[in-house]
Amino acid sequence: GTREGFRELIQNGGNFGYDYLDEIPLEEGRAYRLDGYLFPDTYMFYSDSSEAAAIDKLLSNFSRKFTAEMMADAARAGYSVDSIVTLASMIQREAYYLSDMAGISSVFRNRLSSGMKYLQSDATGLYGESYDTYENAGLPPGAIASPGYAALEAAVYPANTKYYYFVTGKDKKAVFSKTYAEHKRAIANIRSQA
C-alpha cells in the first residue's frame, strides 16, 4: 500500500464491519479517526496485502482484545468506547510500569468524575495543541497512542482510590497523592533525590 492510501482509509474509510467505529465522534482537532484503534502487536502480512486488509487485521485484533464485556462495563460507567480508548492511550503514555496503570487510570477517572476542569497529562501536550489537557478541558479529541491490552483494561477497570495526582519518580514508578499539598511534597521529595 501507499502512505496516502493508509491515510485515506484511517481518516475517511468505512467502519470495516465494526459498529463501534461508527460511534467515533468527528471532533474538530482530532488528528486521525482511527488513532488508538490500530492495536499494537506483531503481525504477519502478505506482501501484496491491500491497505484495507492490513488495517482490518489491526482492527480485528483490537476487537478481540477489547471485548464486548469490556465495552458494556465501560458503558455502565458512563464511557463510550472512544473515550475509553482515548483514556487508555493517555495511560499507555504516562505509565512506565504495568503495575501503575490502574492507579493512573484512577487519577484521571477521579478528576473526570469530580468535575476537575483539566486532566493535566504531560503526554497529551506532545501530541498537539488541541490535545493539550493543560489548556483544554476534559479528554482530548482522540487517542494520543495505540494503547495495549493492559492500558485498555486499566481504563475500564481503574483502581479504587481517592488519588487525584501522580508524579513519576526517578525510578519511573508513579507516586500517588490525594491532595495537591501531598503532590507538591512528593515532587519536592523526588527533586531532592537528584
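**Pocket, core and hairpin in a predicted model**

About 300 Å³ of space lies in the largest pocket of this structure, which is a predicted model. The lining of this pocket comprises 14 residues, and those lying nearest its centre are Gln120, Asp122, Tyr134, Phe166 and His183. Three elements, namely H6, E1 and helix H9 (180–192), each supply at least two residues of the lining. Of the contributions to the lining of the largest pocket, that of E1 is the greatest, at four residues.

Strand E1, which spans residues 165–168, pairs in the antiparallel sense with strand E2, which spans residues 174–177, and the pairing runs over four bridges. Within this arrangement, Tyr165 has Ser177 of E2 as its bridge partner. The two strands form a hairpin in which five residues lie between E1 and E2. Lys172 is placed in the loop between E1 and E2, and its phi, near 70°, is a positive value in a residue other than glycine. With a relative accessibility of 39%, Lys172 counts as partly exposed, since the partly exposed class lies between the 20% and 50% limits.

A positive phi in a residue other than glycine is also found at Phe16, where the value is near 55°. Phe16 belongs to the loop between helix H1 (3–12) and H2, and its relative accessibility of 21% means that it counts as partly exposed; the cut-off for a buried residue is under 20%.

The largest nonpolar core has 42 residues, and the residues with the most contacts inside it are Tyr37 and Ile91. At least two residues of this core come from each of helix H2 (19–22), helix H3 (51–65), helix H4 (68–76), helix H5 (81–94), helix H6 (101–114) and helix H8 (149–156). The helix that gives the most to this core is H5, with seven residues. In soluble globular proteins, nonpolar side chains tend to be buried together. When residues up to four places away in sequence are not counted, Tyr37 touches Tyr20, Leu21, Ile24, Arg30, Leu58, Leu59, Phe62, Val81, Asp82 and Val85.

Helix H5 was examined further with respect to its length and its burial. At 1.5 Å a residue, the 14 residues of H5 should span 20 Å, and the expectation agrees with the model because the end C-alpha atoms of the helix are 20 Å apart. Twelve of the 14 residues are buried, so H5 is largely enclosed by the rest of the structure. The buried residues of H5 include the nonpolar Val81, Ile84, Val85, Leu87, Ala88, Met90 and Ile91, and also Asp82, Ser83, Thr86, Ser89 and Glu94.

Among the buried residues of H5, Ser89, which is placed in this helix, has a relative accessibility of 0% and therefore counts as buried. With residues up to four places away in sequence left out, the contacts of Ser89 are with Ala143, Ile144, Ala145 and Pro147.

A second serine, Ser60, is placed in helix H3, and at 22% relative accessibility it counts as partly exposed. The C-alpha atom of Ser60 is separated by 9.5 Å from that of Gly17, although the two residues are 43 residues apart along the chain. Another pair of residues distant in sequence is formed by Glu28 and Gly142, which are 114 residues apart in sequence and 9.9 Å apart in space, C-alpha to C-alpha. Glu28 is found in the loop between H2 and H3, and its relative accessible area of 79% makes it exposed, as the exposed class begins over 50%.

How values were computed:
Residues are numbered from 1 along each chain as its sequence is written. This is a predicted model: local features need pLDDT of at least 70, side-chain atom pairs count only at pLDDT 80 or more; totals for chains, interfaces and linings use all residues. Side-chain values use heavy atoms; hydrogens and water are left out. A nonpolar core is a set of buried Ala, Val, Leu, Ile, Met, Phe, Trp, Tyr and Cys residues joined through side-chain atoms within 4.5 Å. Buried means under 20% relative accessible area, exposed over 50%, partly exposed in between (1.4 Å probe, protein chains only). Contact means heavy atoms within 4.5 Å. Two strands pair if DSSP finds at least two bridges between them. The expected span of a helix is 1.5 Å times one less than its number of residues. On a 1 Å grid over the protein atoms alone, a cavity is a set of points where a 1.4 Å probe fits but cannot get out, and a pocket is an open set with protein on both sides within 12 Å along at least five of seven lines; lining residues have an atom within 4 Å of a point. Grid points are joined across faces, edges and corners, and a volume is the space filled by probe spheres set on the points.
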